[in-house]
Amino acid sequence: MPVTNTYRRYTSDGTFGIIANDSVPIKYVRDVSGKAGKLCITGTGSSVSLWNLHTSLPSGSLCRDLETRSVSVLAVNYESGRADTLVGIGYMDGWVVVFSLHSGKEEASFRAGSHRVTSLDISGSFVACASESELHFLDIVSGGGYRLKGHRGAITAVKVMPRAEILISGGRDTFIKFWCLKTQHCFLTLTGHPGPVWDVALSTDCKVLVTGSSDTNLRLWRIKYNNRTSNKGENDFLNTLDERRSIEDNLAQSIPLTDYSSLLEIEFCGTIPRKSVKRVFSLTFDPSGRYLACQTLDKVLEIFVLLNGTEIQSRLRKKQKKARKTGKLDPSVIKLTAVDELRCIFRITLPSKLSSCDIRVVHFNSAVKEAEGRSRIPILYVSRVDHRLQHLLGFCIVCPSHLQILCAYRNNLVEEYSLKVPVTLPTRPVLLAGPVSRQPQTNQKAVGMESAGCELHLVGRISNLGHRAFPLSCQITEDGSGIFTLAHGEGKLWNRSNQTCLATIGWSSMELQKSSLRENVSIVKYGTGDDVTKTRNVSLKFQKATVFVLAPGSRHVTIGFESGLICLFDLIMKKCTQVLEDAHTGGVRSLILTGDRHHLYHRQIRSFSGPSLYLKSNRPVQSVDDQVTSLATTPDNRLIAVAMVNLHVDIYFADSFKRVHSLYGISSPVTCMDVSEDSRLLLTGSGDKTVRLWELQFGNCLRRFIQHTDPVTAVRFMHGSTLAFSADLGGTIREWDVKKLQEVCVLKGHEGGVTGIDTLATRPGLGKLMQNNRS
């Protein structure tokens with residue numbers, strides 16, 4: 001009976017160095033004792049991580065047992081009556097899961113659709129989410145839910161008003177719709193946006209709505225709640241419990257569907273101009289509902305303040321007084337605009353582009369915490385007052401406060417800032433800059449005058465993990481326990497078992513000493529070269545790495561740069577030991593080791609050899625017909641494959657560098673190559689979305705695989721087997737059986753392009769068994 005050939009099933013073991021997913025909201029959360037400001041949550045791949053902002057270390061994670069794709073959106077809900085915080089998570093594959101934060105228990109889960117979840121909100125026991133143009137609503141307590149349709153485009157924002165049982169949604173069709181959760185119908189639609197509605201922000205008291213579109217203005221809406229059948233005002237309508245209101249008023253039966261607009265009256269207050277010309281990305285109110293953060297697609301973060309009733313009346317009296325003084329207008333016709341009610345007070349220039357942000361207010365007195373949950377207590381902002389006067393006046397006296405701003409950047413970095421808000425709010429926006437941003441010299445004096453009393457400090461940073469830019473390539477160490485990855489500005493060595501960073505190689509602050517003579521080999525001051533007589537300092541601060549290769553033993557790594565330099569780094573000492581200045585004039589595009597692992601080839605076909613701490617040129621430069629895009633060498637150290645821009649792949653002898661033959665028929669330059677372990681087969685990937693399998697002896701193409709839908713970026717043979725892998729810019733990895741010349745499986749999970757692949761045979765006898773069964 002023949003043995004059945006089977007293939008292994010691949011599962012994701014973990015992710016390396018992800019601090020925050022791009023475009024996933026970052027949120028402050030409360031700890032077990034109910035205190036805020038110490039913990040935050042971010043999306044990290046297919047899970048959600050809980051970070052301690054004081055120690056910059058992870059405190060826990062939330063993930064599903066089943067395989068899921070990356071997190072696309074998350075929402076947090078904290079109720080005073082609950083002992084734990086609820087976290088709603090939306091995934092790229094359309095799943096929505098609600099977790100209990102500190103216990104890690106899964107409260108509910110459902111499938112919103114086949115597309116990614118674009119928006120999510122959780123309030124009380126209600127969960128609302130959007131996938132494409134459909135709204136999904138779920139009641140966690142009863143387990144019931146339904147789907148709402150009405151938008152003609154993708155939905156970008158969802159907000160739940162739990163006390164009024166109303167759902168607000170905004171989409172790319174330029175509409176904002178109000179849905180009644182009892183009748184499951186849309187009873188109100190807001191128009192007037194010139195483009196897609198990218199986000200909406202609802203104040204804590206559910207009376208102010210701010211929307212952002214593609215233009216440079218924010219729109220302010222006032223919400224008034226009515227119940228004409230029972231002659232109740234908005235305070236009675238909002239503060240009455242849901243059960244009592246449903247029993248006494250019986251809204252679903254007393255108000256006809258055609259008159260359901262009587263529940264709300266929306267007043268358009270006007271537009272508020274923004275500084276940035278980029279579209280709005282997110283709008284976030286702080287928990288008190290006073291401050292609004294407006295995030296765009298650039299480095300500018302604008303902070304707005306929503307004036308309360310006392311401040312609005314004071315502003316109106318000032319404008320009337322000014323009108324009487326000038327005599328141009330009648331003070332009785334003076335009215336406040338939207339700019340007077342929602343005022344921009346800070347414009348912060350951050351060091352990098354924002355991915356998401358969150359804000360909270362930290363007061364100096366404890367009376368604010370009591371007033372935040374009691375909307376009927378007015379808040380009076382003063383600099384100093386006796387607390388006995390506070391009880392006599394019935395006001396909540398608030399001393400100067402601080403804004404805690406939590407920023408997640410697109411370069412995989414999280415920072416927290418503390419911004420001191422003066423007692424007297426600025427009359428015009430104050431320009432502030434992050435620690436890395438620089439203001440022009442002509443504006444430094446003006447900015448200093450405006451920002452008097454406003455201090456922006458960097459409180460904490462989570463940056464000990466991950467690259468600041470996307471990784472270019474990866475390679476597994478010889479013992480299989482580590483993985484080295486390279487980005488433009490740094491290289492990192494990771495532990496494969498627990499995904500921790502073991503070493504970081506950076507060259508931004510590294511000063512090298514190289515010979516002032518035109519030598520091929522340049523040694524730093526701690527090197528071992530004897531032929532260096534005169535030295536001068538050279539900085540690698542602005543050098544961008546392009547390729548790398550681990551030296552035998554995996555203790556040293558050779559890195560090529562865009563400027564043509566080749567540097568040798570010691571992973572244990574974490575420093576550069578040697579620099580090859582005149583390796584070539586162009587950028588280094590490929591670095592490979594020969595089959596005997598004693599020589600190193602790079603883009604211009606020059607070979608270096610020597611001990612692990614010394615690279616020395618031992619053969620002249622070899623020229624080819626066109627620019628080189630990729631290199632590969634056979635394990636028996638006999639042949640070298642050179643891929644060029646002219647769509648050719650030339651095969652040369654390694655010792656004499658005489659051309660054997662050329663591989664033709666490729667319609668786009670080859671981007672990656674790999675040679676099988678027996679030195680017989682060559683696998684190439686190119687920009688025409690094809691993977692080709694070649695026979696090196698005669699140069700004929702055995703098979704052309706056309707299953708990829710994006711340009712192929714990496715190919716690799718599995719050591720000791722007949723399997724091969726390829727990856728493309730769409731994030732798809734495909735497995736091939738080169739013996740049967742067919743596709744085995746497809747691996748998905750990357751949301752961006754795959755830039756590098758390396759393989760490790762965890763079962764050494766697997767490949768031998770497969771070869772014996774197929775012979």
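**Figure 1. Four strands make an open antiparallel sheet.** In this predicted model, four strands line up in the order 1-2-3-4 to form an open sheet, and their pairing is antiparallel. Strand 1 (27-30) and strand 4 (57-62) take the edge positions; each has a single partner strand, so one side of each is left without a neighbour in the sheet. On average, neighbouring strands here are turned by 35° against each other, direction ignored. As a reminder for the bench, strands of a sheet pair through backbone hydrogen bonds, either parallel or antiparallel.

**Figure 2. A closer look at strands 3 and 4.** Strand 3 (residues 47-52) and strand 4 run antiparallel and are joined by five bridges. To find your way around this view, look for Ser49, which stands opposite Ser61 in strand 4.

**Figure 3. Helix 4 has the span expected for its number of residues.** Helix 4 (residues 309-326) has 18 residues, which at 1.5 Å a residue should span 26 Å; the C-alpha atoms at its ends are 26 Å apart, so the two values agree. Which residues of helix 4 are buried? They are Glu311, Ile312, Leu316, Gln320 and Ala323. Just after helix 4 comes Gly327, with a positive phi near 75°.

**Figure 4. Phe16 meets Trp494 edge-to-face.** The model holds eleven aromatic pairs. In the pair shown here, Phe16 and Trp494 are edge-to-face, at 5.8 Å centre to centre and with 65° between the planes. This pair links distant parts of the chain: Phe16 lies in the segment before strand 1 and Trp494 in strand 34 (residues 490-495), 478 residues apart. Phe16 has 29% relative accessibility and so counts as partly exposed, while Trp494, at 2%, counts as buried.

**Figure 5. Phe178 and Phe187 form a tilted pair.** The centres of the Phe178 and Phe187 rings are 6.5 Å apart, and the angle between the planes is 55°. Both Phe178 and Phe187 are buried.

**Figure 6. Three aromatic residues join in a cluster.** Here you can follow ring pairs that link Phe126, Phe137 and Tyr146 into a cluster.

**Figure 7. Arginine side chains sit over tryptophan rings.** Where does the charged end of Arg64 sit? You will find it over the ring of Trp95, 4.7 Å from the ring centre. In a second example, the ring of Trp198 has the charged end of Arg279 over it, 3.7 Å from the centre of that ring.

Key: Residues numbered from 1 in each chain as written. Predicted model: local features only at pLDDT ≥ 70, side-chain atom pairs only at ≥ 80, totals over all residues. Heavy atoms only, no water. Pairing = 2+ DSSP bridges. Helix = DSSP H or I, 4+ residues; strand = E, 2+ residues; numbered from the N terminus. Axes fitted to C-alpha atoms, helices over the stretch in contact; angles between N-to-C directions. Expected span 1.5 Å × (residues − 1). Buried < 20%, exposed > 50% of the residue type's maximum accessible area, 1.4 Å probe, protein only. Phe/Tyr/Trp six-rings, centres within 6.5 Å; stacked < 30°, edge-to-face > 60°. Lys NZ or Arg CZ within 6 Å of the ring centre and 35° of its normal.
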